[in-house]
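Trainee: I have a structure open and would like to learn how to read it. Where should a newcomer begin?

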Amino acid sequence: MTTIKILWADDEIDLLRPHILFLESRNYAVQACQSGADALECLESQLFDIVFLDENMPGLSGLETLDQIKTKYPDLPVVMITKNEEESLMEEAIGQKIADYLIKPLNPNQILLSLKKNLDNSRLVSEQVTSRYQKAFRDIAMEMMSIKTYQDWVALYQQLIYWELELENSQDQTLLEIMMSQKTEANLAFGKFIENNYPSWFKDPESGPVLSHQLFKKYIAPELNKEQSTLLIVIDNLRYDQWRVIAPVVGKHFAPRVEIPYFSILPTATQYARNSFFSGLTPLEMKKKHPDLWKDDIDEGGKNLYEAEFLEAQFARLGLDRFSHCYNKITNVKAAQKLALQTSELANYDLNVIVYNFVDTLSHAKTEVEVIKELAADDKAYRSVTNSWFSNSPLLKIIQQAQEMGIKLILTTDHGTINVKHPSKLIGDRETSINLRYKTGRSLTYNEKEAMVSKEPNSLGLPSLTMNSSFVFAKSDVFFVYPNNYNYFVNYYRNSFQHGGVSMEEMIVPLIIFDPKP
């Protein structure tokens, strides 16, 4: 067992001898000194795990010593010890990133707790997480066997995300692998559930979850009012786990009032899901009502160029014309920075819509750019890159400014993505769509165990390309590959983030309504 080395600086160190003996009996090695200068000299010659520093010492004070320690050894934890309970002193010490703050007279358990908190925290947390997941594993397995409703699936998915985030920093990577296997098993069962229940949600909308085309009318329109502007941010491709890691950043500025998990329609692709969100219509209805705005998979040109027009039409259909609104789509940093400089104009509209495409760009770049492949190698890294982007993005500046202006915030997405691992051969004609997670066309040949098929697309609110065309959706982490150059495309797309198919990651996505913090 490695001995923890403590440097303890106090001009009355002799009076602390009982505490030092107590720590040494617990296998801690304590180096005592009587001034700040002595402490700095000791740090020059030896390595220590933690420093106990008296605030009130003659010569170099505790705060002055702390400043020099943090300048030279920024990662070394320092515990400030003082008789002084003045708030200003505490704030100054905390501002210099002390690890803890103890007030004399000390007691042994107080000291021991501080050591455990600062030096054993990761190990203790990891052990607790491991123990708790081992207990939860059986419960999750039992829940999977008894799931009957979409609400059950939402609860299970959120539970799996919770354990994934808890275990990813655990020292026991074996348990994380077990949890990920459990998640894969859940996705397979989720695919069967969607296959059996999804068509009925279009026949009887009350029997299913809120879907993409129902979301605006049900949850966003009721939030509009003339007294307070609303900022609606749609981050393309934002998965539930990605939302979980950026939530604390948003939470510094806005208080969540309600979080609503909803289901993206199939295909879980921008062309279908986001257009449905803005239009309030299924893709089949869009094609019938707005043939000039809708494009099928095989049509040339951009497939989601008319979101503003779809939103305008939905406003008119819902009788919301009394509310003013504006629409902005951000596809690059310059556009985002420009909008951040114009945030003051948001108060001029009752509803401000911002579509932000960074996460979608990241998922595609993961396939094409070697550096991104390494930065977003797996789900954990994907979340980390998303968090890093969001925490330093112009979008966060817009959110901060919206808070200052007292604007309400609604944050959502159109669909998620899944890290695809397993290739599945599919054969189609030249007019078959190109997406890796879904195909639409005629005479499709595929592995029925790995796909959900709809030979009557209209029953799912989808337009038929031709009389005999069908839709095929990949389940779990499968991706479709044509037999030609099979091995090349398998290696190229394996372990990339794709969307369009049936998985919890793609279909179960969040909408959160916030109120600005004072």
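Mentor: We will go through sheets, a pocket, a cavity and two single residues. Keep in mind that this is a predicted model.

Trainee: What holds the strands of a sheet together?

Mentor: Strands of a sheet pair through backbone hydrogen bonds, and the pairing is either parallel or antiparallel. Here, one open sheet has five strands in the order 2-1-3-4-5, and its pairing is parallel.

Trainee: Which strands stand at the edges of that sheet, and why is one side of each left without a neighbour?

Mentor: The edges are strand 2 (28-33) and strand 5 (100-103); each has a single partner strand, so one of its sides has no neighbour in the sheet. On average, neighbouring strands of this sheet are turned by 20° against each other, direction ignored.

Trainee: How many bridges are there between strand 4 and strand 5?

Mentor: Four bridges pair strand 4 (residues 78-82) with strand 5, in the parallel sense. For one of the residue pairs, look at methionine 80, whose bridge partner in strand 5 is tyrosine 101.

Trainee: Which helix packs on this sheet?

Mentor: Helix 5 (residues 108-119) does, touching strand 1 (4-9), strand 2, strand 3 (50-54), strand 4 and strand 5. The direction of helix 5 makes about 180° with that of strand 5.

Trainee: Now the sheet with mixed pairing: what is the order of its strands?

Mentor: That open sheet is formed by six strands in the order 7-18-10-6-9-8. Strand 7 and strand 8 (325-330) are at its edges; each has a single partner strand, so one side of each lacks a neighbour in the sheet. Neighbouring strands here are turned by 15° against each other on average, direction ignored.

Trainee: How is strand 18 joined to strand 7?

Mentor: Strand 18 (residues 508-516) runs antiparallel to strand 7 (residues 254-263), and nine bridges join the two. Among the pairs, valine 258 stands opposite isoleucine 513, and proline 256 has phenylalanine 514 as its bridge partner.

Trainee: And how many bridges join strand 18 to strand 10?

Mentor: Four bridges join strand 10 (residues 408-412) to strand 18, again in the antiparallel sense. Isoleucine 410 has isoleucine 513 as its bridge partner in strand 18. Recall that isoleucine 513 also stands opposite valine 258.

Trainee: Is strand 18 mostly covered or mostly open?

Mentor: Mostly covered, since a residue counts as buried under 20% relative accessible area, and seven of the nine residues of strand 18 are buried.

Trainee: Which helix lies across strand 8?

Mentor: Helix 14 (residues 333-340) lies across strand 8 and strand 9 (351-356), and runs at about 145° to strand 8.

Trainee: Turning to pockets, how much space lies in the second largest pocket?

Mentor: The second largest pocket holds about 410 Å³ of space. Its lining has 20 residues, and those closest to its centre are Glu164, Met180, Asp379, Asn419 and Lys421.

Trainee: Which elements supply the lining of the second largest pocket?

Mentor: Helix 8 (173-203), helix 17 (379-391) and strand 11 (418-420) supply at least two residues each. The largest share, eight residues, comes from helix 8. By class, the lining has eleven charged, six polar and three nonpolar residues.

Trainee: What lines the largest cavity?

Mentor: The lining is made of Ile298, Asp429, Glu431, Gly441, Arg442, Leu465, Thr466 and Ser469. About 50 Å³ of space lies in the largest cavity. Its lining divides into three charged, three polar and two nonpolar residues.

Trainee: For single residues, where is glycine 319?

Mentor: Glycine 319 sits in the loop between helix 13 (307-317) and strand 8. Its relative accessible area is 41%, so glycine 319 counts as partly exposed. From histidine 422, glycine 319 is 103 residues apart in sequence and 47 Å apart in space, C-alpha to C-alpha.

Trainee: What can be said of glutamate 64?

Mentor: Glutamate 64 is in helix 3 (residues 62-72). With 40% relative accessibility, glutamate 64 counts as partly exposed. Glutamate 64 and threonine 445 lie 381 residues apart in sequence and 74 Å apart in space, C-alpha to C-alpha.

Methods:
Residues are numbered from 1 along each chain as its sequence is written. This is a predicted model: local features need pLDDT of at least 70, side-chain atom pairs count only at pLDDT 80 or more; totals for chains, interfaces and linings use all residues. Side-chain values use heavy atoms; hydrogens and water are left out. Two strands pair if DSSP finds at least two bridges between them. Axes are lines fitted to C-alpha atoms, for helices over the stretch in contact, and angles run from 0 to 180 degrees between N-to-C directions. Contact means heavy atoms within 4.5 Å. On a 1 Å grid over the protein atoms alone, a cavity is a set of points where a 1.4 Å probe fits but cannot get out, and a pocket is an open set with protein on both sides within 12 Å along at least five of seven lines; lining residues have an atom within 4 Å of a point. Grid points are joined across faces, edges and corners, and a volume is the space filled by probe spheres set on the points. Ala, Val, Leu, Ile, Met, Phe, Trp, Tyr, Cys and Pro count as nonpolar, Asp, Glu, Lys and Arg as charged, and the others, Gly among them, as polar. Buried means under 20% relative accessible area, exposed over 50%, partly exposed in between (1.4 Å probe, protein chains only).
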